[in-house]
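Visitor: I would like to learn how to read a few features of a model, one at a time.
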There are 2 protein chains.
Amino acid sequence: MTDVKSVNNPLFLREEELRQAIELLFFAYRDFTAGPDEILKDYNFGRAHHRVIHFVGRNEGMTVSELLDILRITKQSLNRVLSNLIKRGFVEQRQGEEDRRQRCLYLTEEGRMLEQKVSRVQRELVANAFREAGGEAVAGYRKVLTGLIDETNRDTVLNRILKT
Amino acid sequence: MTDVKSVNNPLFLREEELRQAIELLFFAYRDFTAGPDEILKDYNFGRAHHRVIHFVGRNEGMTVSELLDILRITKQSLNRVLSNLIKRGFVEQRQGEEDRRQRCLYLTEEGRMLEQKVSRVQRELVANAFREAGGEAVAGYRKVLTGLIDETNRDTVLNRILKT
DNA sequence: GATTTTACGTCAGTCATGTTGACATATATT
DNA sequence: AATATATGTCAACATGACTGACGTAAAATC
């Protein structure tokens with residue numbers, strides 16, 4: 001009877017609500033990545049390759065540094081994945097025109113095809129979720145997820161996402 | 001001028017909107033997991049340990065099978081992490097009362113403390129995002145993320161999340 | 001023009017966390 | 001009594017992170 005959970009305790013309700021929101025994000029993300037993972041297995045690529053293909057596809061000509069900054073991994077980690085993608089002809093590098101130290105990254109035709117293929121299943125998943133949820137819910141989704149992004153570089157990240 | 005991107009093409013806008021939603025989820029999840037990762041490093045635990053502590057904490061007395069079903073990993077993978085947590089006194093097992101083959105999982109006092117500590121930073125992050133976004137946005141967040149969960153076992157997952 | 005910094009690549013070793021496959025043990029079910 | 005289930009365990013391997021050290025070309029600075 002003095003159990004904190006059994007009384008109508010607004011603090012507990014709040015904590016419970018937050019815990020549910022956390023689990024929801026866990027499960028949603030798990031299933032959100034399942035589709036691409038499945039496809040990439042056929043190419044002997046993993047999630048790391050997916051991320052590279054995704055971001056290079058969205059930012060053609062981006063430099064290695066920019067990619068490292070987005071992925072938040074070490075250059076040694078990136079290099080194994082990236083040089084694999086280059087060797088197998090999904091990504092190509094061109095020397096920077098202004099700064100010739102830079103290696104600018106582009107998808108090859110084959111890379112673009114794979115990117116499309118993988119992206120499609122993910123877009124369809126999200127499109128379905130958006131359709132079921134409705135426009136207002138989509139706006140809420142954006143607001144909350146934006147708030148989850150680290151405040152100290154939220155603007156940088158948002159610019160990167162929204163820049164078309 | 002015939003560039004599909006340059007005309008007011010609703011299909012392109014839709015695709016762009018979806019791509020932005022996908023990146024938003026990527027970045028939000030990245031920062032959502034950063035806090036716990038940081039804390040767990042001090043204990044020489046990783047994200048895998050976190051997941052076990054989280055779900056055992058939320059479902060005291062759950063069996064190993066149930067945990068495996070949630071995490072979607074092999075028992076061999078789980079075992080390394082789980083036996084580590086048991087050995088170090090964060091989780092304990094008790095034989096199932098009805099079915100004595102089952103090992104029911106519980107957090108120890110120490111485990112509960114760690115769970116609280118880690119959970120707190122994540123709850124605070126989500127609480128801030130919720131507060132900034134407002135109640136209506138939170139409802140939208142829930143709707144959309146629910147829609148992202150694999151439809152074939154969405155009900156099972158939702159029951160697990162909502163069951164208090 | 002010499003020096004320093006920057007962007008990138010690479011070698012080598014380690015760790016965390018996932019996988020497959022095979023086998024063991026206790027208990028429940030048929 | 002035979003079979004199925006829940007769990008544990010050993011061994012080998014893959015992926016994708018990490019640290020640390022070193023190299024090279026080009027830009028920036030003194």
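Guide: We shall take the symmetry, a helix packing and some single residues in turn. This is a predicted model, in which local features need pLDDT of at least 70 and side-chain atom pairs count only at pLDDT 80 or more, while totals for chains, interfaces and linings use all residues. Residues are numbered from 1 along each chain as its sequence is written, chains are lettered from A and ligands numbered from 1 in the order in which they are written, and side-chain values use heavy atoms, with hydrogens and water left out.

Visitor: What rotation superposes chain B on chain A?
Guide: Two copies of a chain are related by a rotation about an axis and a shift along it. Here a rotation of 180 degrees, with 0.0 Å of shift along its axis, superposes chain B on chain A with an RMSD of 0.0 Å, in a least-squares fit on the C-alpha atoms of residues with pLDDT of at least 70 in both. The two copies are therefore related as by a two-fold rotation axis. The same surface serves both copies, since 100% of the contact residues of chain B recur in chain A, contact meaning heavy atoms within 4.5 Å.

Visitor: At what angle do helix 3 and helix 4 of chain B pack?
Guide: Helices are DSSP runs (H or I, at least four residues), numbered from the N terminus; axes are lines fitted to C-alpha atoms over the stretch in contact, and angles run from 0 to 180 degrees between N-to-C directions. Helix 3 (residues 64-71) and helix 4 (residues 75-87) of chain B pack at about 110 degrees, with their axes 10 Å apart. That makes helix 3 of chain B roughly perpendicular to helix 4 of chain B, a term for angles of 65 to 115 degrees. Val64(B), Leu67(B), Leu68(B) and Leu71(B) of helix 3 make the contact with Lys75(B), Leu78(B) and Leu82(B) of helix 4.

Visitor: Where is Arg72(B) found, and what is its phi?
Guide: Arg72(B) is in the loop between helix 3 and helix 4 of chain B, and has a positive phi of about 60 degrees although it is not a glycine. At 44% relative accessibility, Arg72(B) counts as partly exposed, which lies between buried (under 20% relative accessible area) and exposed (over 50%), with a 1.4 Å probe and protein chains only.

Visitor: Which loop holds Asn44(A)?
Guide: Asn44(A) lies in the loop between helix 1 (10-41) and helix 2 (47-58) of chain A. The phi of Asn44(A) is near 55 degrees, a positive value in a residue other than glycine, and at 66% relative accessibility Asn44(A) counts as exposed.

Technical notes. Helices (H or I, at least four residues) and strands (E, at least two) are DSSP runs, numbered from the N terminus. Angles under 35 degrees count as roughly parallel, over 145 as roughly antiparallel, 65 to 115 as roughly perpendicular and the rest as oblique.
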